[in-house]
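Got the viewer open and a hand on the selection tool? Let's walk through a few spots one at a time.

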Amino acid sequence: MKHLKKWSLCLMSTILLVGLLSACGSDDKASADKASADKEETTKEQKSDVYSGKELEKYNAYVELSNAVNMEFLEAQSQYFQDYSDENGKYKKPSNDNYPPIRAVGLTTNALEDANKYLDKSPSFTADKEAAKLVKDLDKDSKTLTELDNYYRSKGYIDDNFKKGETLHNDFLKSSETTNKDIKAFNEKMSKLIDKQQEAAAKEMKDAGELTVYNVNNFITQTEKLITTLESQGINASNVLDTDLAAYEDVYNQFTKSYDELIKASKDEKQLKKEELTEDDLSSIINSANTTKADASSLLNRLKKKEAISQADIESASFINSVEGTPERLMESYNKLVDDYNTFINSPF
């Protein structure tokens, strides 16, 4: 197999909102001295709109934050209010001594630490202001969730008759209004940044004649758009039937088209030979693409049939990823697809 440019999808989190179509693999001359590497990076930046170097590091940190927030923090927030609020959002203590677990937000905490390193650093991004506000919000809210978790695990409510639980709940309820607005603003800015990077990377792939890799990336991009469509509506397993079916189906049709193009490209012997690839080289990616396509189709089928997900499945955070026709399962298969792609593209040739 020939050396391919490292169009690596730098997905930091296993629950990412979007992948990164950017050149982030290690250079062939990893052992070269720093001066030579800097010169090479400068030359590349002059020729390409695809992020590299310090830009890419900061970009990845922001995407990691977006991933964690949209698929971990918001689910933890939603699950907490579902378990501990009445229909008006007021504090509701469960009727027995078996308190629902509060989801951990470890990925969010790690992403906050990474993003915080870049907030005041060059280069500047259009999402810097939104990122700074969001980091501040999430730092407070993550600590509140952890404190609530400790409170119920230690049965602190026995000592104070739920007073601290109610106080923390009210604090979290109030801060969540601001946090959710800032998440929306951050997502909007990041969506534009990511689209710009994907377009730049796609252009470079085509210009380089790497049409097979382009088709892989295009399929991944279309999968991301499916997921973004769900996340923009705040959809997860618990409210899946609230999905705008028309909006999902519209993106799904483009997703299906990209899948067909990928399968066709994977069997184009002439083009594969030109890129010095084989069908076997793509086998893991194609397997993951098949799974991703099946999961997206199962979700569409669920929506069309209006089949709700059982409460037992919803409450099983560790199991929901395996339930057919859920956003979580689609995300799981997407992450596997990205992992397989990165393994392929970063393999020594």
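Keep in mind that this is a predicted model. Start by selecting R302 and everything around it: beyond its neighbours within four places in sequence, R302 is in contact with V240, L241, E307, A308, I309, V323, E324 and G325. R302 sits in helix α10.

Which side chain of opposite charge is nearest to R302? That's E307, 4.7 Å away, and R302 is buried yet has no salt bridge. With the cut-off at 4 Å, the pair doesn't qualify, because a salt bridge needs a side-chain nitrogen of Lys or Arg within that distance of a carboxyl oxygen of Asp or Glu. Now show the backbone of E307: its oxygen lies 2.8 Å from a polar atom of the R302 side chain.

Stay on α10 and pick K304. K304 makes a salt bridge with E249, with the closest N and O atoms 3.3 Å apart. K304 belongs to α10 and E249 to α8, so this pair ties together parts that are 55 residues apart in sequence. K304 is partly exposed at 47% relative accessibility, and E249 is also partly exposed, at 26%.

That brings you to α8, so select residues 245-266. The helix has 22 residues and reaches 31 Å from first C-alpha to last, close to the expected 32 Å. At its N-terminal end, D244 acts as the cap, with a side-chain oxygen 3.2 Å from the backbone nitrogen of A246. Colour the buried residues, among them Y248, Y252, F255, Y259 and L262. What do the buried residues of α8 pack against? Show α7 (211-232), α9 (269-274), α10 (283-305) and α12 (327-345).

Next, salt bridges elsewhere; the structure holds 14 of them. Select D128 and K58, which meet at 3.1 Å, N to O. D128 is in α4 (residues 128-153) and K58 in α2, so the bridge ties together parts 70 residues apart in sequence. Are D128 and K58 buried or exposed? Both are buried.

Move along α4 to E130, whose side chain meets K189 in a salt bridge of 3.0 Å, N to O. K189 lies in α6 (residues 163-207), so here the parts tied together are 59 residues apart in sequence. E130 counts as buried at 14% relative accessibility, while K189 is partly exposed at 26%.

Last stop: the aromatics, with 21 pairs in the count. Y80 and F81 have ring centres 5.3 Å apart and planes at 70°, so the pair is edge-to-face. Both residues, Y80 and F81, are buried. Then add Y84, Y99, Y151, Y152, Y157, F162 and F172 to the selection: ring pairs link them with Y80 and F81 into a cluster.

Key. Residues are numbered from 1 along each chain as its sequence is written. This is a predicted model: local features need pLDDT of at least 70, side-chain atom pairs count only at pLDDT 80 or more; totals for chains, interfaces and linings use all residues. Side-chain values use heavy atoms; hydrogens and water are left out. Helices (H or I, at least four residues) and strands (E, at least two) are DSSP runs, numbered from the N terminus. The expected span of a helix is 1.5 Å times one less than its number of residues. Buried means under 20% relative accessible area, exposed over 50%, partly exposed in between (1.4 Å probe, protein chains only). Contact means heavy atoms within 4.5 Å. A polar contact is a pair of N or O atoms within 3.5 Å; within protein, one must be able to donate a hydrogen and the other to accept it, and residues adjacent in sequence count only if both atoms are side-chain atoms. Lys and Arg count as positive and Asp and Glu as negative; His and the chain ends are not counted. Rings of Phe, Tyr and Trp (its six-membered ring) pair if their centres lie within 6.5 Å; planes under 30 degrees apart count as stacked, over 60 as edge-to-face and the rest as tilted.
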